[in-house]
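Please look at the sequence and the structure below before you begin the exercises. Try each task on your own, and then follow its solution step by step.

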Amino acid sequence: MVDRAIIHKFIDDVRRDLDKTTVSDFDFDSKLPGYRYVVGGIEESLELDQINLQKLKKYCKSLVSNITDYSAGQLQLADYLDKLGSQTISKEAEMGAAFINFAKLQKELAALSKRLVHSHSNLASLQNDGHAKSGGKNSKLVRTELKKAVEAIEKLIKDYDSKRNERRKLDSDRQHESAESDSDSKRHLQVQLCDYFIKVNDAKLKQRIEFVQRLVDYYHSQVSYFQEGFAMLEGFKPYIQELTKELATVKGKQDEIRSHLTGLNATLKQSKTCLEQSNTNVSGYSLHGYRGDKTFGYEKSGYLYKKSEKGIRKTWHKRYCAIKNGYMTISTAATSPPKTTLNLLTCQAKDCRDQDAKKWNFMIFSSSGTITFQAEDESELNQWISVVANSREQALNQAFDKTYNSETIIDKRSSNAVKELTDSILFDIKLRKGNNLCCDCNSKDPTWLSTNLGILLCIECSGIHRQLGVQYSRIRSLTLDNIVTSELLLARTIGNYSFNEVFEASLSPEDKLQSPSQMDERQKFIEAKYIAKRFILRKYTSEEYLIKGTESAIEMSNIEGLLQTFVEDANFTGPLPNYSDGRNALHHAINRDCSLSLHIIDFLAKNSKDISYQMMNGDTALHIAARSDQSECIKLLAKGGINPNITNNKKETALDLAKSRSCNKCVDLLESIMNNQLSSCDQIHVEDWGIMAGEESIYVHIPAQEDFSDDELDDARYLETKQKSECIAPKDISLDLSYRYRSGSHRSDHSGRVDHRRSLSFDESLDKKHTTVNRYANSIVDNNKRSSYYDGILSDSSRMSNIRSHSNPYHNSANRQSLYFMKPADDNIYENETSSNTLPNLASQSGEKYSNPSDLLPGTLARKGRQIRVKALYDCEADNEDELSFQENEIIIVTSDSDPDWWCGYIEDDCTRIGMFPVVFVEKLQSI
Ligand SMILES: [Zn+2]
């Protein structure tokens, strides 16, 4: 804008010049350079204005396009919300309506945004029509005009200046004349300047005022945008409030469905395991598997085949096994000392029979490894499994009975057994996911246990837990305290990981307490976690759902579910609204079959505010447990601090109820509880104490499997003292190929001729490498004369040792197979074979299967009353530990000849050298 003062000065100057007659000393000429300067300045500022306006226009335009996009986006959003809504509304009316309503709101907001576009584009178009409105010309034209004016003024000033200089030169001659023309041009200049100022003033002033006016309008449109938008959103408010309530209801319903589904899932899984167990356990087994058939008794001994996992080969060793007093011993023979002793309390047996393949296998899991056994037949297997379970149960009962009444400890072994059991449970607990770190601060290897929460803590955090009080956490040391099994029930089912899934659900890892934290920091964190429960995620929207959640967690024996309702402060003590008898959560849990939910009962017992709460009929939880003979449950309640002296409405104590039911175990327990002898409740009998086989997913890692290769055939000591005829028949499972071969695929006719058609088809399934060996073998068998087997082939001892020297398992089986062909076969073996139609099946079976487990049984030499002596034809070096090395001409006493191509025996002169050997390396001597 032109400085108003300059305009005023100009007006004043020109006036004074016009009145020159009165003010004689005024000289307009001297002011001219000043005006020249002013005009230049105006030009410059006009230039700058131009630049600024252009930029402003640019940004206005980009704003306009952004807002246009924004409003289009809003419309699209509304469109899709609409679609989602109309799709949902038929199935979920509330949700569908919500989508449609939000679509409506969005559309209105989009319309509002469109108006905002208008006000912005108004602003952007301002400079174009600002002048048009004021002077009917656009700004560019005005600028050109002004420029022209400036040029004209410049020229006039120049002219005027030069004329004035001339005038000064000729001052004396023609003063008068020139003065007149001088005055004319000066007036002309002044007129031009005046015009110029008028134009500039008009243009600039008008433009700016208009612009500011537009800004004012813009402000108003913004205000109305926000006001209308706000009003629109405000109008939506009541709906939103209603919707929020509805959402809670819907969420509650969904939660309910979810809990039903998870419950169903758990039930299905449970019934699946039951089904599996009842499938595998033939008559006499209870649903829960490991309850043995009592008719088989508590003791058993005899031979079993035990699988050795050592090395690549899976070998089966015959072992003498005995079960007595809860221990199972494994030895090489009935009279040899046991090599392995298993405390059955810490073990679990699993039936893994394969009925089709007639494999009567079972496994024993212990904390240090797994052993696979094989019984002779089905009935043997059933007996072994039952006796394992029976003996285990017997030992457990004895041990517990004896440990609580220390005076009667006669058998120290049983108290040791409990110690071993406790250690094994602790071992198991430490392996659970998350238990390698403190539950609160992630310190490594926590050794303190919160018995009511089932979590492991470091020493610092456990200190804070103690300060919280026993109503929050009951702390025991895993290393210093004498931990008893009843304290481990929860730790075994909860563990740090599952616990923090609930208690730290909303905690981001970086906010977690760290192991180097100071005590005050720990205190703050632990109080926030356990008392304020600040890191949890609430899942239940109302008290009603919370109670339902508790109920269904109890019904499903779902400890995580129970933890969630616990953390949301479910009232475990108060009566459940769904039952008219006034039962609470604990009563409800005990009313169910609690053999599967002892941990649930334990959690409720340890975390209820009033464990002695009475139902309508006056029964406490203890009454219910006594009425249904649930001794383990009684122990947990006593440990939880229930008052045993409370009587119900019929004036009966729990003890009275137990007496009326004549359950001796419960009577004894309740009597000792009433006498304050709580040590009787220390040990809990749970069916699957020990390791939880098959539940690997809950562990951080699987314990290193110890190979119970107790009993590789190193047993010189044993051989020295035992009768030589004792049969040890280690079996090499890699021989399975030859078993299969013999029993199914490979036949010889009565002349001992091999059916090549079949053997060839078998060849095809073998690695090509070995076909040469087989071909070689086949060519041998072609020879009808048996004696020539030896003559023709075995004389080639170097060749044989080549074959023998292969050490990889494939080579081994192929070799042995080929050796089989070379064997001067005992015709009986073939004659006894009946059909060959099983070939395709057998050939496709995995290498670990064999057709008949009786193949694994020892030879029947003793029964037949003969002894076989053989002479070595060649030197033979053992490839494996269970094989026998010998020199040519050494005499071997055969202990087993049940396998056609590998026999068992020992060297006649050195009975410490014992093992398997290939039949083709020896020559039979006359039987004695
Ligand atoms: Zn800690």
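The exercises that follow go from the whole chain to single residues.

This is a predicted model, in which local features need pLDDT of at least 70 and side-chain atom pairs count only at pLDDT 80 or more, while totals for chains, interfaces and linings use all residues. Residues are numbered from 1 along each chain as its sequence is written, and side-chain values use heavy atoms, with hydrogens and water left out.

**Exercise 1. The whole chain**

Task: State how many helices and strands the protein chain has, and what share of its residues counts as buried.

Solution: Begin with the secondary structure, where helices (H or I, at least four residues) and strands (E, at least two) are DSSP runs, numbered from the N terminus. On this basis the protein chain has 29 helices and 16 strands. Next comes burial, where buried means under 20% relative accessible area, exposed over 50%, and partly exposed in between (1.4 Å probe, protein chains only). Of the 928 residues of the protein chain, 50% are buried by this rule.

**Exercise 2. A sheet and its edges**

Task: Work out which strands stand at the edges of the open sheet of five strands, and why one side of each is left without a neighbour in the sheet.

Solution: First recall that strands of a sheet pair through backbone hydrogen bonds, either parallel or antiparallel. Two strands count as a pair if DSSP finds at least two bridges between them. The open sheet has five strands in the order 15-14-13-12-16, and their pairing is antiparallel. Strand 15 (910–918) and strand 16 (922–924) stand at the edges, and each has a single partner strand, so one side of each has no neighbour in the sheet. For a closer look at one pair, strand 12 (residues 868–872) runs antiparallel to strand 16 and is joined to it by three bridges, and lysine 871 stands opposite glutamate 923 in strand 16.

**Exercise 3. Checking the length of a helix**

Task: Compare the expected span of helix 12 with the distance between its end C-alpha atoms.

Solution: The expected span of a helix is 1.5 Å times one less than its number of residues. Helix 12 (residues 543–555) has 13 residues, so it should span 18 Å, and this agrees with its end C-alpha atoms, which are 18 Å apart. The buried residues of helix 12 include Tyr545, Leu546, Ile547 and Ile554. Just after helix 12, serine 557 takes a positive phi of about 50 degrees.

**Exercise 4. Salt bridges**

Task: Say which parts of the chain are tied together by the salt bridge between lysine 300 and glutamate 380, and then describe two further pairs.

Solution: A salt bridge is a side-chain nitrogen of Lys or Arg within 4 Å of a carboxyl oxygen of Asp or Glu, and a search of the whole structure finds 28 of them. In the salt bridge between lysine 300 and glutamate 380, the closest N and O atoms are 3.3 Å apart. Lysine 300 lies in strand 1 (residues 300–308) and glutamate 380 in helix 6 (residues 378–404), so the pair ties together parts that are 80 residues apart in sequence. Lysine 300 is buried at 12% relative accessibility, whereas glutamate 380 is partly exposed at 22%.

The second pair is lysine 639 and aspartate 682, whose closest N and O atoms are 2.6 Å apart. Lysine 639 lies in helix 17 (residues 631–639), and aspartate 682 lies in the loop between helix 19 (664–674) and helix 20 (716–721), so this salt bridge ties together parts that are 43 residues apart in sequence.

The third pair, aspartate 159 and lysine 155, meets at 3.9 Å, N to O. Both residues lie in helix 4 (residues 139–169), four residues apart, which is about one turn of the helix. Aspartate 159 is partly exposed at 33% relative accessibility, while lysine 155 is exposed at 55%.

**Exercise 5. Positive phi**

Task: Find where aspartate 569 and aspartate 629 lie, and give the phi of each.

Solution: Most residues other than glycine have a negative phi. Aspartate 569, although not a glycine, has a positive phi of about 60 degrees, and it lies in the loop between helix 13 (559–567) and helix 14 (585–591). Aspartate 629 has a positive phi of about 55 degrees, and its place is in the loop between helix 16 (621–627) and helix 17. As for accessibility, aspartate 569 is partly exposed at 46%, and aspartate 629 is partly exposed at 31%.
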